[in-house]
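Here is a report for a reader meeting this structure for the first time. Please keep the sequence and the 3D view open while reading.

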Amino acid sequence: CLPPGVTTSIAYAYIDHWMSVYSNEWCNYPTSQMHELGHNFGFDHSNEGTQEYGDVSGMMGSSDGQDEGPMKCFNAAKSWQTGWFSDKSINMNIGGSEATDNCLETDITGQADYVAVDTTQTIL
């Protein structure tokens with residue numbers, strides 16, 4: 001945590017690196033901590049259109065200067081990137097020559113229920 005006035009940014013971290021740096025009170029906000037840790041995990045920002053932090057569906061969009069929330073996690077694209085759910089994930093060939101290549105018939109489960117399902121179910 002840097003004292004006030006040392007940097008003009010609120011926080012920064014290096015991708016695939018151990019270091020995260022927070023300016024002043026931003027070291028107290030869980031959303032900024034999770035965002036910068038995301039960079040340490042190898043994540044870039046979650047863009048929406050031309051806005052670098054525009055996708056606010058997960059932690060790699062913009063951070064909030066709040067102590068209690070909002071409650072978010074890394075979005076599906078970032079979770080996929082980590083391989084955290086690879087034991088319950090599938091890859092599909094969309095647009096293949098076989099008609100069945102474009103169909104999926106399975107039970108799907110949300111990430112919140114990950115530990116409650118067996119390996120035959122697919123995480124959405």
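Tyr14 is partly exposed, at a relative accessible area of 41%. Tyr12 is partly exposed too, at 31% relative accessibility. This is a predicted model, and it holds seven aromatic pairs. Tyr12 and Tyr14 form one of them: their ring centres are 6.1 Å apart and their planes stand at 85 degrees, so the pair is edge-to-face.

Phe41 and Phe74 also make an edge-to-face pair, with 6.1 Å from centre to centre and 75 degrees between the planes. Which parts of the chain does this pair link? Phe41 sits in helix H1, and Phe74 in the loop between H1 and helix H2 (76–82). The two are 33 residues apart, so the pair links distant parts of the chain. Phe41 is partly exposed, at 43% relative accessibility. Phe74 is buried, at 6%. Ring pairs also join Phe41 and Phe74 with Phe43 and Trp84 in a cluster.

**Helix H1**

Helix H1 covers residues 30–41, twelve in total. From first C-alpha to last, H1 reaches 16 Å, close to the 16 Å expected at 1.5 Å a residue. Which residues of H1 are buried? They are Thr31, Ser32, His35, Glu36, Gly38, His39 and Asn40. Their cover includes strand S1 (11–13) and strand S2 (20–22). Just after H1 comes Gly42, with a positive phi of about 110 degrees.

Asn40 belongs to helix H1. Is Asn40 buried or exposed? Its relative accessibility is 12%, under the 20% cut-off, so Asn40 counts as buried. The side chain of Asn40 reaches the backbone oxygen of Met19 at 3.1 Å. Setting aside neighbours within four places in sequence, Asn40 is in contact with Ala13, Tyr14, Asp16, His17, Trp18, Met19 and Ser20. Tyr14, from the edge-to-face pair with Tyr12, is thus among the contacts of Asn40.

**The disulfide**

How many disulfides are there? The count comes to one. It joins Cys1 to Cys27, with 1.9 Å from S to S. A disulfide is a covalent bond between the sulfur atoms of two cysteines. The link of Cys1 and Cys27 is left-handed, with -80 degrees about the S-S bond. Cys1 lies in the segment before S1, and Cys27 in the loop between S2 and H1, so the pair ties together parts that are 26 residues apart in sequence.

The two ends sit in unlike surroundings: Cys1 is exposed, at 60% relative accessibility, whereas Cys27 is buried, at 19%. Another cysteine, Cys73, is partly exposed, with a relative accessible area of 45%.

**Positive phi outside glycine**

Most residues other than glycine have a negative phi. Asp16 has a positive phi although it is not a glycine. Asn24, also not a glycine, has a positive phi as well. The table sets out both.

| Residue | Phi | Location | Relative accessibility |
|---|---|---|---|
| Asp16 | about 55 degrees | loop between S1 and S2 | 60%, exposed |
| Asn24 | near 50 degrees | loop between S2 and H1 | 31%, partly exposed |

Asp16 has already appeared above, as a contact of Asn40. Asn24 lies in the loop between S2 and H1, and Cys27 of the disulfide lies there too.

**A buried serine in a loop**

Ser46 is found in the loop between H1 and H2. Is Ser46 buried or exposed? At 5% relative accessibility, Ser46 counts as buried. What does Ser46 touch, not counting residues up to four places away in sequence? The list is Glu52, Tyr53, Gly54, Asp55, Met60, Gly61, Asn75 and Lys78. Phe74, the buried partner of Phe41, sits in the loop between H1 and H2 as well.

**Confidence**

The protein chain averages a pLDDT of 81. Of its residues, 85% score at least 70. Where is confidence lowest, and where is it highest? The lowest mean is 67, in strand S4 (residues 122–123). The highest is 93, in S2. S2 is also part of what covers the buried residues of H1. Where pLDDT is low, the predicted coordinates should not be read in detail.

Note on methods
Residues are numbered from 1 along each chain as its sequence is written. This is a predicted model: local features need pLDDT of at least 70, side-chain atom pairs count only at pLDDT 80 or more; totals for chains, interfaces and linings use all residues. Side-chain values use heavy atoms; hydrogens and water are left out. Helices (H or I, at least four residues) and strands (E, at least two) are DSSP runs, numbered from the N terminus. The expected span of a helix is 1.5 Å times one less than its number of residues. Buried means under 20% relative accessible area, exposed over 50%, partly exposed in between (1.4 Å probe, protein chains only). Contact means heavy atoms within 4.5 Å. A disulfide is a pair of cysteine sulfur atoms within 2.5 Å. Rings of Phe, Tyr and Trp (its six-membered ring) pair if their centres lie within 6.5 Å; planes under 30 degrees apart count as stacked, over 60 as edge-to-face and the rest as tilted. pLDDT is the predictor's confidence in each residue, from 0 to 100. A polar contact is a pair of N or O atoms within 3.5 Å; within protein, one must be able to donate a hydrogen and the other to accept it, and residues adjacent in sequence count only if both atoms are side-chain atoms.
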